[in-house]
Amino acid sequence: MDSSLTDQQQDKYRSYLHGEGEKNTNWKLGAPPNYDTVNKLFEEGRTKIWPPASLEEKVQNLVKTWEMEMFNKISFPDYKSVKLQNFTVSVNGRKPLSLEESRKLGGGYNSFMQTTLPENLRGYNPAQETEHSSHLAFTTAFPRGFALEVIQVYSGPPSIVYKFRHWGYMEGPFKGHAPTGELVQLYGISIFEVDDEMKIFKVEFFFDRGELLGGLIKGEKLASGTDQAALSCPFLKNTG
């Protein structure tokens with residue numbers, strides 16, 4: 001990490017976010033995202049505190065860095081946590097996708113919420129969403145962010161297998177459903193294949209999307225268009 005940066009500029013859990021190496025990075029919002037709010041949520045709600053420099057801490061920070069780059073960097077060459085050549089990502093055993101193929105599905109949340117359920121049973125329909133609309137939907141529902149922790153590492157590099165927990169508080173509306181203020185959690189297993197430089201070249205995720213959506217659509221239905229006002233909140237533009 002660049003020692004010339006102030007504590008406020010640094011992020012304790014993510015690399016490739018600030019510093020000289022990122023001066024030419026193309027950010028989706030025009031500047032690096034600020035993770036202060038979700039970092040606070042993480043520190044207050046995590047169930048594990050891993051020893052410094054432990055395998056678990058290294059894996060957790062690698063996952064956070066990878067997610068940060070996937071959600072916030074425009075140009076693939078700016079992704080420093082991955083090995084671009086032949087990189088693939090798959091969800092729940094579906095076809096492995098290249099970065100470009102994942103982006104065509106809407107990237108970010110949308111690429112992770114793909115489903116074969118009939119459209120009337122989806123709750124969230126990725127076929128009708130864009131990268132922008134899906135990001136707004138989830139950041140509106142989770143204004144303090146959707147924190148991530150690694151709760152167990154089963155094997156280390158080159159094939160990293162770990163169990164993760166995502167969580168947030170539904171303090172905003174989601175797809176026409178009123179906020180509940182309740183904790184919403186998602187557990188899953190992931191596999192990261194890495195090279196000798198810890199660059200990721202293959203990602204696999206396994207989780208139940210219904211576990212996440214179940215907590216987001218339990219609130220009462222809102223009048224049509226009620227939740228759209230929240231989308232203009234400037235605070236949401238700073239969430240990752």
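## Exercises on a predicted protein model

In helix α5, the residues Ser134, His135, Leu136, Ala137, Phe138, Thr139, Thr140 and Ala141 are buried. The model is a predicted one, and the exercises below begin with this helix before they turn to the sheet, the cores and the confidence values.

**Exercise 1.** Work out why helix α5 can be called largely enclosed, and find which elements its buried residues pack against.

*Solution.* Begin with the cut-off, by which a residue counts as buried when its relative accessible area is under 20%. Next, set the buried residues against the length of the helix: α5 covers residues 131-141, and eight of these 11 residues are buried, so the helix is largely enclosed by the rest of the structure. Finally, look for the partners of these buried residues, which pack against α2, α4 (residues 108-112), β3 and α6.

**Exercise 2.** List the elements of the chain from the N terminus on, and state how many helices and how many strands there are.

*Solution.* Reading from the N terminus, one finds the succession α-α-β-α-α-α-β-β-β-β-α. Counting by kind then gives six helices and five strands in the protein chain.

**Exercise 3.** Determine the order of the strands in the sheet, and explain why β1 and β2 each have one side without a neighbour.

*Solution.* The five strands form an open sheet with mixed pairing, and their order across it is β1-β5-β4-β3-β2. Since β1 (residues 88-91) and β2 (residues 147-155) stand at the edges, each has a single partner strand, and so one side of each is left without a neighbour in the sheet. From one strand to the next, the twist averages 20 degrees. A helix also packs on this sheet: α6 (residues 209-216) touches β4 (183-194) and β5 (200-207), and its direction makes about 155 degrees with that of β4.

**Exercise 4.** Describe how β3 is joined to the strands β2 and β4, and name some of the paired residues.

*Solution.* Take the β2 side to begin with, where seven bridges join β2 to β3 (residues 159-169) and the two strands run antiparallel. These two strands form a hairpin, with three residues between them. Among the pairs on this side, Ala147 has Trp167 as its bridge partner in β3, Glu149 has Arg165, and Val153 stands opposite Tyr162. Turning to the β4 side, one finds 11 bridges between β3 and β4, which again run antiparallel; here the bridge partner of Tyr169 in β4 is Leu183. As for its surroundings, β3 is mostly covered, with eight of its 11 residues buried.

**Exercise 5.** Find which residues touch the most other members of the largest nonpolar core, and which helix gives the most to this core.

*Solution.* The largest nonpolar core has 41 residues, of which Trp66, Tyr162 and Phe192 touch the most other members. Helix α2 (residues 55-72) gives the most to this core, with six residues. Apart from this core lies another, of 10 residues, which includes Tyr13, Leu17, Met68 and Ala147. To follow one residue more carefully, take Tyr162: leaving aside residues up to four places away in sequence, the residues that Tyr162 touches include Val59, Val63, Val150, Val153, Ile189, Phe192 and Phe205.

**Exercise 6.** Decide whether Asp11 is buried or exposed, and say where Asp11 lies.

*Solution.* Asp11 is found in the segment before α1, a helix that covers residues 36-45. The relative accessibility of Asp11 is 5%, and because of this value Asp11 counts as buried. Along the chain Asp11 and Asn34 are 23 residues apart, while their C-alpha atoms are separated by 8.7 Å.

**Exercise 7.** State the mean pLDDT of the protein chain, and identify the stretches where the pLDDT is below 50.

*Solution.* For the protein chain as a whole, the mean pLDDT is 90, and 90% of the residues reach 70 or more. Over residues 1-8, however, the pLDDT stays under 50, and the model has nine contacts beyond four places in sequence for this stretch. Residues 228-240 also have a pLDDT below 50, and this stretch has 19 contacts in the model beyond near neighbours in sequence.

Methods. Residues numbered from 1 in each chain as written. Predicted model: local features only at pLDDT ≥ 70, side-chain atom pairs only at ≥ 80, totals over all residues. Heavy atoms only, no water. Helix = DSSP H or I, 4+ residues; strand = E, 2+ residues; numbered from the N terminus. Core = buried A, V, L, I, M, F, W, Y, C linked by side-chain atoms within 4.5 Å. Buried < 20%, exposed > 50% of the residue type's maximum accessible area, 1.4 Å probe, protein only. Contact = heavy atoms within 4.5 Å. Pairing = 2+ DSSP bridges. Axes fitted to C-alpha atoms, helices over the stretch in contact; angles between N-to-C directions. pLDDT = per-residue confidence, 0-100.
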